[in-house]
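Please look first at the sequence and the model shown here, and then read on for a careful account of some of the rings, buried residues and empty spaces that can be found in the fold.

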Amino acid sequence: CDQRGVRPPTPPMMHLHQPLYPPPLSPLSDWVQPAHSIILVSPLTLVNLLPFDLHYNIPNTCHNMSSASSSVTTVRTNLPANNGIIQPGGKEILHTVDPEEGLELRVWTDTYASQSSVKVSGASVSGSGTSSSHVLPLQLHDSNGRILNLQIKVARCYGKALKLSIFAMYWIINKTGLPFVFKQEGSSSEAAGQEAEHEVARCGSPLLFSFSERDAPSLLTARVGNKLHPTSKTHYCHRLPLTQGTWVRRVRVTPNDNRPDIVYIVGLDVQQGKGRYRDTVMVTVSP
């Protein structure tokens with residue numbers, strides 16, 4: 001029959017799929033690796049190396065501190081004040097602070113109040129790179145006015161960016177299950193941060209410790225809480241230095257009815273912290 005007026009059948013629809021990955025580059029590719037890297041960092045980073053929350057405040061003032069003179073000029077800026085809370089081991093990145101103009105930092109915790117603010121200037125950190133740093137003293141006090149000395153490590157990061165790390169010189173970790181009270185040898189009062197509950201039960205969190213009295217020896221002594229034996233007299237143990245090593249101490253309690261003394265034998269392990277806590281000495285008290 002005549003097929004001239006009949007259209008041929010339509011072929012099925014087809015799609016060409018291109019590969020989703022680019023073809024391999026040839027060794028003679030025109031792509032060139034860049035010779036410079038541009039790193040964007042925040043001007044200021046606060047690091048909390050304490051075992052509990054740290055409150056901070058940076059007002060919207062800058063302090064132009066000249067190295068040629070001791071005068072400090074305070075200038076109010078249009079930048080907002082910085083306030084916040086940093087969790088234990090955490091950090092806060094701030095973008096509205098210019099360390100080169102100088103800043104005033106105030107920190108405190110739920111247990112320790114701020115004694116005074118600390119003035120920090122990026123111009124005081126000489127050199128460049130992460131190896132250039134120095135330490136500033138920081139004083140806090142508890143509800144009884146007892147002083148705790150902390151430290152702020154000011155380190156220069158990339159360029160003119162600064163990292164401020166707040167840390168304590170000693171942590172005392174009580175693993176005995178007994179209430180213990182600590183103080184500096186020769187001091188008239190117990191160490192800061194120890195309230196009435198320390199006389200009754202063991203403190204679950206580490207106790208921050210420092211040698212706050214310059215005229216007293218840099219030695220530690222301890223006793224059990226008075227409420228552990230209410231009708232007896234507690235005695236401080238023999239003093240010990242907080243140098244690396246393991247120590248054993250006998251803590252005595254004298255009953256009021258002429259019975260023999262009650263003796264608690266505890267071990268104290270003094271070790272330097274590791275990693276980011278390498279600037280803190282860890283004192284672990286165990287049975």
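## Aromatic pairs

In this predicted model, the count of aromatic pairs comes to 6. One of them is formed by Y170 and F209, whose rings lie 6.2 Å from centre to centre with 65 degrees between the planes, an arrangement that is edge-to-face. This pair links distant parts of the chain, for Y170 belongs to strand 13 and F209 to strand 15, and the two are 39 residues apart. Y170 counts as buried because its relative accessibility, 15%, falls under the cut-off of 20%, and F209 is buried as well, with a relative accessible area of 1%. Y170 also pairs with F211: the ring centres are 5.4 Å apart and the planes stand at 75 degrees, and because planes over 60 degrees apart count as edge-to-face, this pair is edge-to-face. Here too distant parts of the chain are linked, since Y170 is in strand 13 while F211 is in the loop between strand 15 and strand 16, 41 residues apart. F211, at 19% relative accessibility, counts as buried. Taken together, Y170, F209 and F211 form one aromatic cluster.

## Three buried residues

What lies in the loop between strand 15 (207-209) and strand 16? S210 has its place there, and with a relative accessibility of 7% S210 counts as buried. The side chain of S210 reaches the backbone nitrogen of N149 at a distance of 3.0 Å. When its neighbours within four places in sequence are left aside, S210 is in contact with I147, L148, N149, M169 and Y170; the last of these, Y170, is also a member of the aromatic cluster described above.

A second serine, S232, lies in strand 17, which covers residues 232-234. S232 is buried because its relative accessible area of 16% is under the 20% cut-off. Leaving aside neighbours within four places in sequence, the contacts of S232 are with V253, T254, P255 and N256.

The third residue, V118, lies in strand 9, made up of residues 118-120, and at 9% relative accessibility V118 counts as buried. Not counting residues up to four places away in sequence, V118 touches L103, E104, L105, L136, P137, L138 and I152. V118 and I58 are 60 residues apart in sequence, while their C-alpha atoms are 10.0 Å apart in space.

## Cavities and the largest pocket

Rolling a probe the size of a water molecule over the atoms shows where empty space is left. How many cavities of 30 Å³ or more does a search of the whole structure find? The search finds 2, and the table sets them beside the largest pocket.

| Space | Volume | Classes of lining residues |
|---|---|---|
| Largest cavity | about 80 Å³ | 5 nonpolar, 4 polar, no charged |
| Second largest cavity | about 50 Å³ | 10 nonpolar, 1 polar, no charged |
| Largest pocket | about 250 Å³ | 4 nonpolar, 3 polar, 6 charged |

The largest cavity is lined by I172, N174, F180, F182, Q194, H198, C203, S205 and L207. Strand 13 (170-174) and strand 14 (180-184) each supply at least two residues of this lining.

The lining of the second largest cavity consists of F180, F182, L220, T221, A222, C237, L240, V251, V266, L268 and V285, and F180 and F182 are thus named in the linings of both cavities. Strand 14, strand 16 (220-224) and strand 19 (262-272) each supply at least two residues to the lining of the second largest cavity, and the largest share, 3 residues, comes from strand 16.

The largest pocket, with its volume of about 250 Å³, has 13 lining residues, of which K153, A155, K163, S165 and R278 are the closest to its centre. Strand 11 (147-156) and strand 12 (162-168) each supply at least two residues of the lining of this pocket, and the largest share, 3 residues, comes from strand 11.

Notes:
Residues numbered from 1 in each chain as written. Predicted model: local features only at pLDDT ≥ 70, side-chain atom pairs only at ≥ 80, totals over all residues. Heavy atoms only, no water. 1 Å grid on protein atoms, 1.4 Å probe; cavity = no way out; pocket = protein on both sides within 12 Å on 5 of 7 lines; lining within 4 Å. Points joined across faces, edges and corners; volume = space filled by probe spheres on them. Helix = DSSP H or I, 4+ residues; strand = E, 2+ residues; numbered from the N terminus. Nonpolar A, V, L, I, M, F, W, Y, C, P; charged D, E, K, R; others polar. Buried < 20%, exposed > 50% of the residue type's maximum accessible area, 1.4 Å probe, protein only. Polar contact = N/O pair within 3.5 Å; in protein donor to acceptor, adjacent residues only side chain to side chain. Contact = heavy atoms within 4.5 Å. Phe/Tyr/Trp six-rings, centres within 6.5 Å; stacked < 30°, edge-to-face > 60°.
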